[in-house]
Amino acid sequence: MGKAGGGKGRPDLLRARLERGMTQEEAADAVGVAVGTWGRWERSEQGIRPHSRRKIAAVFEAEAEEVEQWIEGWALGETSSWPVAEYGDTSTAASVKSAALLWRYEMDESRRHLLTALPFVPSVLAGWITAWNYSDPPQAVAQRGNRRTVGQADIDRINEARKVFSNLDDQFGAGLVRPTVVRYLDTTVTPLLRGRYDDQVGSALMSAAAGMTWLAGWTAFDLNQHGQAQQHFGQALRLAKTGNDPLTGVWILVTMTSQALHLEQAALAVWLARAAADTARRAQASPHVMALMLTKQAWATAMQSGAAETHDRHGAKQVERLLVEAERAYAQGTIDRDPAWIARYDEAEFKAQIGRCWSLLGEHRRAADCAEAAVAEFGNRFPRSAQRNRLHTAEAYLGMGELEQSLAAARAAIPATKALTSARSTDLIRQFADRLEPYRGSMMVREFRDHLNHELAA
């Protein structure tokens, strides 16, 4: 993915410069950066922000996809993933048509099966991010005609419905709520998007639709339907661009980062986290939003460096610096400009994410403290989050060699695992059980595994 500090450089960017007969000094001057910066770009020692990528595209007279290939090391190419999107077209008509088609496929039993079976395809995701970074929102969002008039009350109902569905998802897992979410998108949101509205209402409508589409993606993610989730996240990002709503875009990019982390796609997670942070900075996001960006970057960086196994002190220090910045930003508290979605990122969630970073650095005592504090604060409000952090506590104790405490924490996560309709939650506890293999001779481990298998089979 052309990551900074990867040691392999960006040979395609170097080749593109040489093909145009330019020296590093000439290229740097044309793009408006120091020659040292250009050199670090070619050596892959420094990330390249979206505005600089756009300048490179203009100076080198290249398409956005080509520039992304030079920098990140991927090509869009052909894919069997559906739908094949016109990534760069953010017009209202194109965004509405694409989103409505996806939701209609969700309601068709035979086509829904195809969506469910889609693999996670990084090159498809790359197309969405390229469009997000390079394309401009439409100058006008309004739709005319003789269809029903859409007003703010309609938008408020979409947002309220999403909150209700999100609360159900938090309590019971995605399996219960997802069919209702996609039906709502098809039967309620599609007719509104095809209605009549002015620019102001249209922008707000696109943001509301993006939020509900995000939930369709999130619930697919929770059910381990990762290609399907990817399609919805991409559509949500496109709707946010059409509505010129960068903060909703940040929310979606953060969730894409979470998916990449779950799939252990570390380089992809670093790239997504950086895109989210760059968008947040351009939007002058609030301190709590920036704290979330920094923790996601720290998590992705910790996974990529593998510091716990490699003892990479440079990578560890980079993660620690990001965590310090995140804590400072979070300490500034909430402000009036906080987007509504950041409320879910409360102190419990902040501690939970900090704990994951410490775990990846091999700091198991600190990871356990964070996870236990998160469990105490989640309580009965967010059973899935509490279950996940009980397992993180168990992993941390296992890392410290405290087998009995580890099994006690994991055993406490079993009732919630049974109650939740969440494939991801079940996978997490199964993965923990697999990590017990070095202790398979222990009576405690055999009893735990037998108990787990009995409870999940019941």
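Helices, in what follows, are DSSP runs of H or I of at least four residues, numbered from the N terminus. With that convention settled, good morning. The structure I am presenting is a predicted model. I shall take the internal cavities, then helix α9, then the salt bridges, and finally two loop residues.

I begin with the interior. A probe the size of a water molecule, rolled over the atoms, shows where empty space is left. In this model there are three cavities of 30 Å³ or more. The largest cavity has a volume of about 50 Å³, and the second largest has a volume of about 40 Å³.

Which helices each supply at least two residues of the lining of the largest cavity? They are α8, residues 122-134, and α12, residues 226-242. Of these, α12 gives the most, with four residues. The lining comprises 10 residues in total, and those nearest the centre of the cavity are Trp128, Ala131, Trp132, Leu237 and Arg238. Sorted by class, the lining holds five nonpolar, three polar and two charged residues.

The second largest cavity is lined by Ile48, Pro50, Arg53, Asn133, Trp271, Arg274, Ala275 and Asp278. Here α4, residues 50-59, and α14, residues 266-282, each supply at least two residues of the lining. Helix α14 gives the most, again by residue count, with four residues. By class, this lining has four nonpolar residues, one polar residue and three charged residues.

I turn now to helix α9, which spans residues 152-172. Several features of the model involve this helix.

Consider the surface. Val164, Leu168, Phe172 and Leu176 make a nonpolar surface patch of about 340 Å². Helix α9 gives the most to this patch, with three residues. Phenylalanine 172 lies in helix α9, and phenylalanine 172 counts as partly exposed because its relative accessibility is 39%, between the limits of 20% and 50%. Glutamine 171 is also placed in helix α9. With a relative accessible area of 31%, glutamine 171 is likewise partly exposed. For a sense of distance, the C-alpha atoms of glutamine 171 and glutamate 404 are 29 Å apart in space, while the two residues are 233 residues apart in sequence.

Helix α9 also contains a salt bridge between the side chains of aspartate 154 and arginine 157, at 2.7 Å from N to O. How are these two residues placed relative to each other along the helix? They are three residues apart in α9, so about one helical turn separates them. The two partners have unlike surroundings: aspartate 154 is buried, at 7% relative accessibility, whereas arginine 157 is partly exposed, with a relative accessible area of 48%.

That brings me to the salt bridges in general. Side chains of opposite charge can pair when their charged atoms come close. The structure holds 27 salt bridges, and I shall describe two others.

Arginine 313 forms a salt bridge with glutamate 320, and the closest N and O atoms are 3.9 Å apart. Both members of this pair are partly exposed: arginine 313 has a relative accessible area of 47%, and glutamate 320 stands at 24% relative accessibility.

Arginine 356 forms a salt bridge with glutamate 395, with the closest N and O atoms 3.4 Å apart. This pair links distant parts of the chain, since arginine 356 is in helix α18, residues 347-360, and glutamate 395 is in helix α20, residues 383-399, 39 residues apart. Are these partners buried or exposed? Arginine 356 counts as buried at 14% relative accessibility, and glutamate 395 is buried too, at 15%. Beyond individual pairs, salt bridges that share partners join Asp169, Asp170, Asp222, Arg344, Glu349, Arg384, Arg388 and Arg424 into one network.

I close with the backbone of two loop residues. Glutamate 61 has a positive phi of about 50°, although it is not a glycine. Glutamate 61 is placed in the loop between α4 and α5, and it counts as exposed, at 75% relative accessibility. Glutamine 284, again a residue other than glycine, has a positive phi near 50°. Its place is the loop between α14 and α15. At 61% relative accessibility, glutamine 284 also counts as exposed. The loops holding these two residues thus each adjoin a helix already named for the second largest cavity, because glutamate 61 lies between α4 and α5, glutamine 284 lies between α14 and α15, and α4 and α14 each supply at least two residues of that lining, by the helix numbering given at the start.

Terms used:
Residues numbered from 1 in each chain as written. Predicted model: local features only at pLDDT ≥ 70, side-chain atom pairs only at ≥ 80, totals over all residues. Heavy atoms only, no water. 1 Å grid on protein atoms, 1.4 Å probe; cavity = no way out; pocket = protein on both sides within 12 Å on 5 of 7 lines; lining within 4 Å. Points joined across faces, edges and corners; volume = space filled by probe spheres on them. Nonpolar A, V, L, I, M, F, W, Y, C, P; charged D, E, K, R; others polar. Patch = residues over 30% accessible without salt bridge, like charges linked within 9 Å, V, L, I, M, F, W, Y side chains within 5 Å. Areas by Shrake-Rupley, 256 points an atom, 1.4 Å probe, with all protein chains shown as cover. Salt bridge = Lys/Arg side-chain N within 4 Å of Asp/Glu carboxyl O. Buried < 20%, exposed > 50% of the residue type's maximum accessible area, 1.4 Å probe, protein only.
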